[in-house]
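Subject: Structure for your review

Dear colleague,

Please find below the structure that I am handing over to you. A summary of what was found in it follows.

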Amino acid sequence: MSETTVPLVPLGRAPGPLTHASVMAGRSLRVSLRNSDALIMSLALPIMLMLIFVYFFGGAIETGAGYDSYVMYVVPGVLLLCAGFGAATTATAVSEDMKGGIIDRFRSLDVGGTPVLAGHVAASTVRNLFATVLVFGVAVLIGFRPAASWSGWLLVATVLIAYIVALSWISAAIGLLARSPEAASGFTFFMSFLPYPSSAFAPIEKMPDWLHGFAENQPITPAIESLRGLLGQEVGNAPWIALAWAGGMTAVAIAASGVLFRIRTR
C-alpha cells in the first residue's frame, strides 16, 4: 500500500475523522522513516548540544544552590529544546504536502484538513517522545540523577506531551503559511531559539536586566521550571502556568491551521 492510499472500509461504514487522522499519522511516520537524514539530525542535535553545554560550558556557569552538577540543571532545558527541534520537522512535512499536490488527492478521498494536520501532529508527537527517551537515557549516562515521585513523573510527562503537541500544531500552521519547505524550515527557527532566552541553560538573574521580563514570561520558562521538579526542587505554580500556556498555544494553532488550510485549498 502506498503512502497516499487510504485503507478501504466495509460498505456503509464511512471512515470518520479519527480513522482518517490515524491513517494520516501512519503515513507521516513512514515518510519520516524514509527521510532518515532529517530524523537522525533531530535526534542527534539535542544530544550534541547537551554534551557541549555540560562538558564545554558547564564548569563556567553558576546555577546557584540545589544542583550538584550542571547536568542536573541543564537536562530539563535540553528536553524542551529537543521538543522544539522535533516539532519543527512538522512544518516542513506539511509544506511539502501542500507544494506536492497530495492534499488534492486526499480531499478527493473525502479526507478533511483537520485529520491530515492531526496526523502530522500525532506522528510528530511519537517521534518526539522517542527522541525525548533517547536524550533522557544519554543524560542518565552522563550523571543525571532525578529524584522524582510517581506524581512528579506523571506531571513531567504531562507537561512534555502538552508542549510537544502545542509546538507541533504551531509548526503545522507555519507549514501552511510558508510557500516552500525551505521557508517553513526557516520560520521554525524561532521555536528552536526560545529555550535560549529562558532559564534552560543559565539562571535568568544572570542575564542582562533588559532581558529579564521576556525570559521570565515566555512560554518555555514555566515548562522548564516544571520539569525541574524531577530534581526534587520546589515548582510552585509553574506546572499549571506551563499547561495553561500549552493549552492556549494549541487552541490558537488549531484555529489558525483551520483558517490557513481553507485559504490554501480554495
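**Helix contacts and enclosed spaces**

Helix α6 passes α11 in a left-handed crossing. Please note that the model is a predicted one. The axes of α6 and helix α11, which covers residues 238-264, come within 8 Å and cross at roughly 25°. Angles under 35 degrees count as roughly parallel, and α6 and α11 are therefore roughly parallel to each other. Sorted by class, the residues in the contact of α6 with α11 are 22 nonpolar, four polar and one charged.

Helix α6 (residues 150-177) also meets helix α10 (residues 220-227), and their axes come within 9 Å, with a crossing at roughly 155°. As angles over 145 degrees count as roughly antiparallel, α6 and α10 are therefore roughly antiparallel to each other. The crossing of α6 and α10 is left-handed. On the α6 side, the contact is made by V156, V159, L160 and Y163; on the α10 side, I220, P222, A223, S226 and L227 take part. This contact of α6 with α10 has eight nonpolar residues, one polar residue and no charged residues.

Helix α6 appears again in the second largest pocket, which holds about 210 Å³ of space. Which residues line the second largest pocket? They are L79, L129, T132, V133, F136, W153, V156, A157, L160, I161 and L230. Both α5 and α6 supply at least two residues of this lining, and α6 gives the most, with five residues. By class, the lining of the second largest pocket has ten nonpolar residues, one polar residue and no charged residues. V156 and L160 of α6 thus deserve a mention under two headings: they are among the residues in contact with α10, and they are also among those that line the second largest pocket.

Turning to enclosed space, the structure holds one cavity of 30 Å³ or more. The volume of the largest cavity is about 50 Å³. Its lining consists of L39, S42, L43, C82, G86, T89, R127, N128 and A131. Three helices, α2 (36-57), α3 (70-100) and α5 (113-141), each supply at least two residues of the lining of the largest cavity. These lining residues divide into four nonpolar, four polar and one charged. Helix α5 supplies residues both to the lining of this cavity and to the lining of the second largest pocket.

Yours sincerely

Notes
Residues are numbered from 1 along each chain as its sequence is written. This is a predicted model: local features need pLDDT of at least 70, side-chain atom pairs count only at pLDDT 80 or more; totals for chains, interfaces and linings use all residues. Side-chain values use heavy atoms; hydrogens and water are left out. Axes are lines fitted to C-alpha atoms, for helices over the stretch in contact, and angles run from 0 to 180 degrees between N-to-C directions. Helices (H or I, at least four residues) and strands (E, at least two) are DSSP runs, numbered from the N terminus. Angles under 35 degrees count as roughly parallel, over 145 as roughly antiparallel, 65 to 115 as roughly perpendicular and the rest as oblique. A crossing is left-handed if the near helix is turned anticlockwise from the far one by less than a right angle, and right-handed if clockwise. Contact means heavy atoms within 4.5 Å. Ala, Val, Leu, Ile, Met, Phe, Trp, Tyr, Cys and Pro count as nonpolar, Asp, Glu, Lys and Arg as charged, and the others, Gly among them, as polar. On a 1 Å grid over the protein atoms alone, a cavity is a set of points where a 1.4 Å probe fits but cannot get out, and a pocket is an open set with protein on both sides within 12 Å along at least five of seven lines; lining residues have an atom within 4 Å of a point. Grid points are joined across faces, edges and corners, and a volume is the space filled by probe spheres set on the points.
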